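Reader: I'm new to this one and a bit lost. Could you pick a single spot, take a close look at it, and then walk me outward from there?

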Amino acid sequence: MRWIVASLVVINILSFIYFQLFSEAALSSTEASSIPNISLSTGSKEITLLSEVVDESILAVAAPILPPKIQELSREPLCTLVGAFKKLLKAEYFVERLQALGLAAEIKDVVVNSEPGYWLHLPPEKSRKEALRRLSELQRRGIDSYVIPSGNLANGISLGMFSNKERADAMKVRISNQGYRPEMVNVPREQKETWVFLSEGEASKISPERWAELLSSEDYIQKRQNLCTDLASY
């Protein structure tokens, strides 16, 4: 009877110790899992420490926000031209008036495109002799002409250059009615004009009213602006 009682006591003691130890282990496991970023894994994924996350957040907030780079558009300098003057002497007088007002000015010859010319001609003959024969024939009919001496149209017959297309067309019809086959070529033409040139900022030294007075003193002149770089070659 006594050994039975002793056995029960021992079993109770062992059960108490077992459950006590199991409870502590479970509690330790729960506490460990509740603390973030403490248990490190040896797997292939990269591990980020809590301190690193905090540092990066602070840096992100503290970093200044830089404005986008602003590129200044380069402004080409503008110069002023006054003209065109029909006579050089008038341009010289105008420069003297500007200089008296404290403006620096100079005279420049500017090449501009004018209306094209209209050239009538007959195609080249086979030889110089044939060209002279054709020329003599045309002149007997009262058609002004001459032999083209060189170039792609050498030994052809020039029938004249016309500044007006209507006149060129009328002459072409007249010559065609006499049995010839004239051809017309548009010839680009250039001419020089006399202008007074002022560098950047010079024109603004006097008022618009003063400019209006100066421009009205000459016939058919105007004031315009152009890029100084375009005028440098004149």
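**A close look at S158**

Author: Leaving out residues up to four places away in sequence, S158 touches W119, L120, H121, D144, S145, Y146 and I148, where a contact means heavy atoms within 4.5 Å. Before we go on, a word on the ground rules: this is a predicted model, where local features need pLDDT of at least 70, side-chain atom pairs count only at pLDDT 80 or more, and totals for chains, interfaces and linings use all residues. Residues are numbered from 1 along each chain as its sequence is written, and side-chain values use heavy atoms, with hydrogens and water left out.

Back to S158, which sits in strand 4. Helices (H or I, at least four residues) and strands (E, at least two) are DSSP runs, numbered from the N terminus. S158 counts as buried because its relative accessibility is 1%; buried means under 20% relative accessible area, exposed over 50%, and partly exposed in between, using a 1.4 Å probe and protein chains only. Its side chain also makes a polar contact of 2.8 Å with the side chain of W119. That term covers a pair of N or O atoms within 3.5 Å; within protein, one must be able to donate a hydrogen and the other to accept it, and residues adjacent in sequence count only if both atoms are side-chain atoms.

Now follow strand 4 (157-162) to a helix: the buried residues of helix 5 pack against strand 2 (106-122), strand 4 and strand 5. Those buried residues of helix 5 are A168, M171 and I175. Looking down the axis of helix 5, they fall within an arc of 65°, so they line one face; the arc is that of the directions from the helix axis to the C-beta atoms. At the start of helix 5, a side-chain oxygen of N164 comes to within 2.9 Å of the backbone nitrogen of E166.

Just past strand 2 is P123, in the loop between strand 2 and helix 4 (128-140). P123 has 36% relative accessibility, so it counts as partly exposed. Its C-alpha atom is 5.1 Å from that of G156, although the two are 33 residues apart along the chain. Not counting neighbours within four places in sequence, P123 is in contact with N155, G156, R181 and E183.

Zooming out, let's turn to the nonpolar cores: sets of buried Ala, Val, Leu, Ile, Met, Phe, Trp, Tyr and Cys residues joined through side-chain atoms within 4.5 Å. The largest has 16 residues, of which V82, F85, F94, L98, V196, L198 and W211 touch the most other members. Strand 1 (78-85), helix 3 (88-100), strand 5 (183-198) and helix 6 (208-216) each supply at least two residues, and helix 3 gives the largest share, 4 residues. Another core lies apart from that one, with 15 residues that include L122, L138, F162 and A168.

How far can you trust all this? The mean pLDDT of the chain is 76, with 67% of residues at 70 or more; pLDDT is the predictor's confidence in each residue, from 0 to 100. Confidence peaks in helix 3, at a mean of 94, and is lowest in helix 2 (residues 50-62), at 41. Over residues 25-74, pLDDT stays under 50. Where pLDDT is low, the predicted coordinates should not be read in detail.
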